[in-house]
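Visitor: I should like a close look at a single part of this structure. Would you please take me through its nonpolar interior, step by step?

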Amino acid sequence: MTTEQDQSTTEDRPNKATSSTTDRPIASGDGRSASFAVSGPDSPATDDSNDSGPYIDDIAPRRTRDFGDLTRAGLSLLMAAVVMVFAVYLGGMTRGVESDAHTAAQAINWLAAFPSTVLTQLATTVIVVIVLAQLLLAREWLQAAVSALAMFAGYGIVWVISTAISSLNDFTLPMALVSAATSYGSGLLPDIYAGMASFLTAAGPRRTRSTVKWSWNILYAIAAVMVVLSWHSVTGMLVSMAAGRTVGMLIRFVVGTQNKGVWGKDLVAVLSSIGLETTSLIRHQEPGISHGSLSATLDDDLAEGSRIYDVKTANNRRFIVSVIDAQTHTVGYLKQLWDWVRFTSVSIRRDRSVRDAVQHHFAMLLGLHNIKLPAPAPYGIADTDESAILVLDAHTIELPANLNTLIQADAVAYMRYLSVANRRGYTHRRITPDTLARLEDGTAVIAGWLNGDSASGPANTALDKVQLLALFAALIGVKPAVAAAREAWGDTTLTTLAPFIQKVAVPSPTRALGTWDKQLLKELRDHINTIIDEETAESAEPVTLARFSWRSMITMLLVIVAVVVVFTQLKPEEIITALTNANPLMAVVTLAFGACGWIGSSISLGALMDRNRRDNTGVFMSQVAGGFATVSMPAGVGPSFVNLQFLRKSGYRNTQATAIMSAALVVYYAVYFSMLVIIGLFTGRNMFSGAIPTNTLVIVLGVVVVVLSIAMMIPPLRHWVTRRLMPLAKTYINQLLDVLSQPRQLTVSCLGALFQNATTGLAFWAALQAFGHSSNPIETTFVFLLAYALGSAVPTPGGLGGVEAALTFAFVAVGVPQGVALSATLLHRVVFYWLRIPLGAAAMKWLDKHNLV
């Protein structure tokens, strides 16, 4: 697959890639470097000095460190941990697997007559002899020695693990690992698997040596036989093999593996297959490692971890040849996987093989040329089993931009370049300082399209622009960068970027710049928000880009806490007993009062909203959804959170939504405590006068005042409060007073809150009636409201535990039999807590479907 370039337009241009190759030092892939002259038949780097053949200046390294070995070591360690967890907590499953294996392999029971050591020693001897024989015959002395040392390390690590596990006070894990052929202590795990796995791993990889491949098959067969005959346990075998594999991978990474990439004469032969008759092949000096784990250079458009060659052909054309080996591709693939896991709402490339990566890079460069954007001109690609090759025209290679001399006009040029690519669906995905390049005539070019993609969505396009905008904000300042963006992209496009301006969107090399400031992104957002009106700015919520964030972690933690609390406090046998003994008719009345509570809260909130923004069905569903939020938040917090989100989705700005939500809370609690005072005065109930410590309120108020006073004595803190918090507080208070200063809406809201509190209290009266206990509904409501307020102070989801205890204690104190009080409490909580969880989840789904939460 090739793309021919116009020879007449490129021959007269200076050759940047090869102009200084005569003085360029050559570096080998294993870290050794030496300076070799290009000319001279005695050069040690020359593979062929015959005048009839091409001149080759290249040294293939003997060994290469493959970061895939580290990955496989980590996976092996994880497998060992998972197996031990299964052995402890799912012992029945592992024993079942062993039992099935014993039943399914009656045909080899005759092997049971042989001692277990005979089979293991025979297999060990065969494996070690055939593998070492192949290594020694190939004169790979280092590999043979390392493999033997790895075998000893495998035996040693399994001895250490066995001793450590046997010393545990809990015998659950040792009993899951022990077998007929092993014993407690240093012999708990069978050492054959650890020793041989470590030995074969260090001698491998298996694709390079046939004896290693067949030895692995022998080891697997022996493992199956030993488990079937009950000599070794499944868990013991797996833990031992995983431990040996981990040790072997670590040793193999440190020592390195035999390099199988294409080098020297072989590379010349591959190039001839795509029409390049090479006369000179000279390897570049490897660039220094920049910010990150892989080296990259503009010579091949920032392809990470590549080898770069200058190539001259028989027709006097010059090319840059970029070679990426499969052994060095692992790190790049892992970075892609991490971005794929880390990001959400955007697509991320995942090139599993080095061939896929190079073919994609080739296609991206062709696409850029197709839309008339300057970029390195690709000639063709080729690949072998272990290497992929990209050939570029040497006359189109870019030069790095001087970041210290960039001005606003340069920013406009780079932004227009990106805009052309984005309009045709091409996105870069990783714009960093290294990607800012120029042609020899000074034309601004964005380089490094290896990880880019075509047919991209709006989210990826926005991320590209945010990365470039943030980069120039760090290089030339926020105001010039925003001014350049307005000139290149326009105000409409620029304002759509505000939700994407987040730290996670900016690559780490940009954030590593000396001019980067932690407040830069905030300044950038604020400057963009000055372009648009306040309402649009406040409604522009940040787009969720990071799969992992403090918000998601806290939400997950709340869910975990809620699940733990719910399942520890839930006592289904007591609830079932209470429900089966309840009067069905009064239980239905309790349920009806529960529905009336939703209606009351809907009236209270809806009355404070503007008529043109009020969706009555949505308001009601938001109150139902509040029951679902309660399962992971303290009482009152969950519904308020849902109300705030609902109001924001209904078209209110942040301050207005917060003010309305706060007004609804003020109305609710004002009515709540007014009912307590009024009913308490008329009923004379004073049995709870000593329930609250006398000086508690005074002490709390005193502590708050002291803390605030000391804080305001500190000048920096006082200035921060007056400059940052006070304006926000004044805005919020003005909005709140504006909501509360509307008599008609406030009256309706109070009536809704009154209806909500009254029906909630009457629901408990109906619950008492369901168990045959008659009481005064007004006094019952008073006792319920007071006890519920005390129980809700417990910081558990929905006051779980505290509410039940407070209600039971309160009604027992006023003469209700303990069994009836407990049963009525459980019935009430079923209606007002447990039943609201699934109904709230359904309502939350409805709200989400209608974009109301």
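**The largest nonpolar core**

Guide: In this predicted model, the largest nonpolar core has 69 residues, of which Y414, M415, L468, L469, F472 and W489 touch the most other members. Several helices and strands each supply at least two residues of this core, among them the strands β8 (318-325), β10 (387-393) and β13 (444-446). The helices that do so include α11 (354-370), α12 (408-423), α13 (458-476), α14 (478-489) and α17 (520-529). The largest share, 12 residues, comes from α13.

One residue may serve as a detailed example. Leaving aside residues up to four places away in sequence, L469 touches M415, A481, V482, A485, W489, L494, L524 and I528. A second core, separate from the one just described, has 33 residues and includes V667, A770, F811 and L827. As a general point, nonpolar side chains in soluble globular proteins tend to be buried together.

Nonpolar residues also appear where two helices meet. The axes of α4 (residues 141-166) and α8 (residues 234-255) come within 9 Å and cross at roughly 140°. Because of this angle, α4 is oblique to α8. The crossing of the two helices is right-handed. On the α4 side, the contact is made by L142, V146, A150, A153, G154, I157, V158 and I161, and on the α8 side by S240, A243, V247, I251 and V255. Sorted by class, the contact of α4 with α8 has 11 nonpolar residues, two polar residues and no charged residues.

Key
Residues numbered from 1 in each chain as written. Predicted model: local features only at pLDDT ≥ 70, side-chain atom pairs only at ≥ 80, totals over all residues. Heavy atoms only, no water. Axes fitted to C-alpha atoms, helices over the stretch in contact; angles between N-to-C directions. Helix = DSSP H or I, 4+ residues; strand = E, 2+ residues; numbered from the N terminus. Parallel < 35°, antiparallel > 145°, perpendicular 65-115°, else oblique. Left-handed = near helix turned anticlockwise from the far one by under 90°. Contact = heavy atoms within 4.5 Å. Nonpolar A, V, L, I, M, F, W, Y, C, P; charged D, E, K, R; others polar. Core = buried A, V, L, I, M, F, W, Y, C linked by side-chain atoms within 4.5 Å. Buried < 20%, exposed > 50% of the residue type's maximum accessible area, 1.4 Å probe, protein only.
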